[in-house]
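Biologist: I would like to learn how to read a structure like this one. Where do we begin?

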Amino acid sequence: MHDELVDHLTRSTPLGRGEALRVIQDVLAYFDETTEDYVRRRHRELQAQGLVNAEIFGRIEADLKYRAVAPPELTLRQLRRMVYG
């Protein structure tokens, strides 16, 4: 699985094949998170840092553009509904 990427990582880094495969699996698992789960998790994390909703939802909105598979553009209202229902 992902042999071409594993080969690339072993050539361009000091990682061995097993380590490279684990890194790839970890990254893929990170980006496997649904948009809704990501929004909820990030909201909790940013809230725990003391940010208020106006800042939180602005950051989440900006961050979503850089997800591996970009979700459709969401309004602030849609983001809030994912968190609060």
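Modeller: Begin with the domains: their bounds come from an automatic or database domain assignment. Keep in mind that this is a predicted model.

Biologist: Which domains does the assignment give here?

Modeller: The chain has domain 1, residues 1-32, and domain 2, residues 33-84. Their centres, taken over C-alpha atoms, are 28 Å apart.

Biologist: How do I read the interface between domain 1 and domain 2?

Modeller: The size of an interface is often given as the accessible area lost when the parts come together. Here about 380 Å² is buried between domain 1 and domain 2. Carbon and sulfur atoms give 43% of that area. On the side of domain 1, Tyr-30, Phe-31 and Asp-32 lose the most area to domain 2. Together they make up 99% of what that side buries.

Biologist: How many residues are in contact across the two domains?

Modeller: Contact means heavy atoms within 4.5 Å. By that rule, 4 residues of domain 1 meet 6 residues of domain 2.

Biologist: How many salt bridges and polar contacts are there between domain 1 and domain 2?

Modeller: The rule finds 0 salt bridges across this interface. For polar contacts, the count is 2 residue pairs, both at pLDDT 80 or more. Now sort the touching side of domain 1 by class: 3 nonpolar, no polar and 1 charged residues.

Biologist: Now single residues. Is Arg-67 buried or exposed?

Modeller: Buried means under 20% relative accessible area. Arg-67 has 10% relative accessibility, so Arg-67 counts as buried. Arg-67 sits in the loop between helix 4 (53-64) and helix 5 (76-84).

Biologist: What does Arg-67 touch, leaving out residues up to four places away in sequence?

Modeller: Arg-67 touches Tyr-30, Phe-31, Glu-33 and Tyr-38. Tyr-30 and Phe-31 were named before, among the residues of domain 1 that lose the most area to domain 2.

Biologist: Let us move to helix 5. Is Met-82 buried or exposed?

Modeller: Met-82 lies in helix 5. Its relative accessible area is 12%, so Met-82 is buried. Leaving out residues up to four places away in sequence, Met-82 touches Thr-35, Glu-36, Val-39, Arg-40 and Leu-74. Take Arg-40: Met-82 is 42 residues from Arg-40 along the chain, yet their C-alpha atoms are separated by 6.9 Å.

Biologist: And where does Arg-80 lie?

Modeller: Arg-80 also lies in helix 5. Partly exposed is the range between the buried limit, under 20%, and the exposed limit, over 50%. Arg-80 has 36% relative accessibility, so Arg-80 counts as partly exposed. From Arg-80 to Arg-40 the C-alpha distance is 9.2 Å, with their places 40 residues apart in sequence counted as the separation.

How values were computed:
Residues are numbered from 1 along each chain as its sequence is written. This is a predicted model: local features need pLDDT of at least 70, side-chain atom pairs count only at pLDDT 80 or more; totals for chains, interfaces and linings use all residues. Side-chain values use heavy atoms; hydrogens and water are left out. Buried area is the accessible area (1.4 Å probe) that two parts lose on being put together, summed over both. A salt bridge is a side-chain nitrogen of Lys or Arg within 4 Å of a carboxyl oxygen of Asp or Glu. A polar contact is a pair of N or O atoms within 3.5 Å; within protein, one must be able to donate a hydrogen and the other to accept it, and residues adjacent in sequence count only if both atoms are side-chain atoms. Ala, Val, Leu, Ile, Met, Phe, Trp, Tyr, Cys and Pro count as nonpolar, Asp, Glu, Lys and Arg as charged, and the others, Gly among them, as polar. Helices (H or I, at least four residues) and strands (E, at least two) are DSSP runs, numbered from the N terminus. Buried means under 20% relative accessible area, exposed over 50%, partly exposed in between (1.4 Å probe, protein chains only).
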